[in-house]
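Please read the report below alongside the sequence and the model. It follows the chain through its helices, their packing and a few single residues.

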Amino acid sequence: MIALNKLTKSSKNKSLFGVCAGIAEYYGISPLAVRLLFIFIPISVAIYLILAAFLPEKNAALY
């Protein structure tokens, strides 16, 4: 059985809400790279807040 990776907020690597770290874990890239993208793309503040509100948090017990 193949485990499907869901996009969730990170519960172990947070700066604010764990959105950037969750995206980085999903794609297998550095959280710093995702954070830099969110800083330099103008519309990203709105996207970040929407994701922070609606993304579920990853259960830390499942690591």
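Immediately after helix H1, Gly28 adopts a positive phi of about 75 degrees. This value, like every other in this report, comes from a predicted model, and it concerns a residue that follows a helix spanning residues 19–27. Further along, Ser30 is found in the loop that connects H1 with H2, and because its relative accessible area is 38%, Ser30 is classed as partly exposed. The C-alpha atom of Ser30 lies 9.3 Å from that of Cys20, although the two residues are 10 residues apart along the chain.

Taken as a whole, the chain contains 3 helices and 0 strands, and its elements follow one another as α-α-α from the N terminus on. Of the 63 residues in the chain, 25% are buried. The chain exposes about 4,700 Å², of which carbon and sulfur atoms supply 71%. When contacts between residues at least 6 apart in sequence are considered, 46% of them join residues that are at least 24 apart.

How do the helices pack against one another? Two packed helices are described by the angle between their axes and by the distance between those axes. The table lists these values for two pairs.

| Helix pair | Angle between axes | Distance between axes |
|---|---|---|
| H2 (residues 31–40) and H3 (residues 44–54) | about 125 degrees | 7 Å |
| H1 (residues 19–27) and H3 | roughly 85 degrees | within 10 Å |

With an angle of about 125 degrees between their axes, H2 is therefore oblique to H3. In this contact, Leu37, Phe38 and Ile39 of H2 meet Ser44, Ile47, Tyr48 and Leu51 of H3, and the residues involved divide into 6 nonpolar, 1 polar and no charged.

For the other pair, the axes of H1 and H3 cross at roughly 85 degrees, which means that H1 is roughly perpendicular to H3. Here Val19, Cys20 and Ile23 of H1 meet Tyr48, Leu51 and Ala52 of H3, and the residues of this contact comprise 6 nonpolar, no polar and no charged. Tyr48 and Leu51 of H3 thus appear in the contact with H2 and also in the contact with H1.

Which residues of H3 are buried, and which are exposed on its other side? Ser44, Tyr48 and Ala52 are the buried ones, and because they cover an arc of only 75 degrees around the axis, they lie on the same side of H3. An α-helix has 3.6 residues a turn, so residues three or four places apart point the same way. On the other side of H3, Leu49, Ala53 and Phe54 are exposed. The cover over the buried residues of H3 includes H1 and H2.

In H1, the buried residues are Val19, Cys20, Ala21, Gly22, Ile23 and Ala24, and what covers them includes H2 and H3. Among these buried residues of H1, Val19, Cys20 and Ile23 are also the residues that meet H3.

Outside the helices, Thr8 lies in the segment before H1, and because its relative accessibility is 10%, Thr8 counts as buried, the cut-off for that class being under 20%. Apart from its neighbours within four places in sequence, Thr8 is in contact with Gly22, Leu55, Pro56, Glu57 and Lys58. One of these partners, Gly22, belongs to the buried residues of H1, while another, Lys58, has its place in the segment after H3. Lys58 is itself partly exposed, because its relative accessible area is 26%. The C-alpha atoms of Lys58 and Gly18 are separated by 9.6 Å, whereas the two residues are 40 residues apart along the chain.

Notes: Residues are numbered from 1 along each chain as its sequence is written. This is a predicted model: local features need pLDDT of at least 70, side-chain atom pairs count only at pLDDT 80 or more; totals for chains, interfaces and linings use all residues. Side-chain values use heavy atoms; hydrogens and water are left out. Axes are lines fitted to C-alpha atoms, for helices over the stretch in contact, and angles run from 0 to 180 degrees between N-to-C directions. Helices (H or I, at least four residues) and strands (E, at least two) are DSSP runs, numbered from the N terminus. Angles under 35 degrees count as roughly parallel, over 145 as roughly antiparallel, 65 to 115 as roughly perpendicular and the rest as oblique. Contact means heavy atoms within 4.5 Å. Ala, Val, Leu, Ile, Met, Phe, Trp, Tyr, Cys and Pro count as nonpolar, Asp, Glu, Lys and Arg as charged, and the others, Gly among them, as polar. Buried means under 20% relative accessible area, exposed over 50%, partly exposed in between (1.4 Å probe, protein chains only). The arc is that of the directions from the helix axis to the C-beta atoms. Accessible areas come from the Shrake-Rupley method with a 1.4 Å probe; for residues, only the protein chains shown count as cover.
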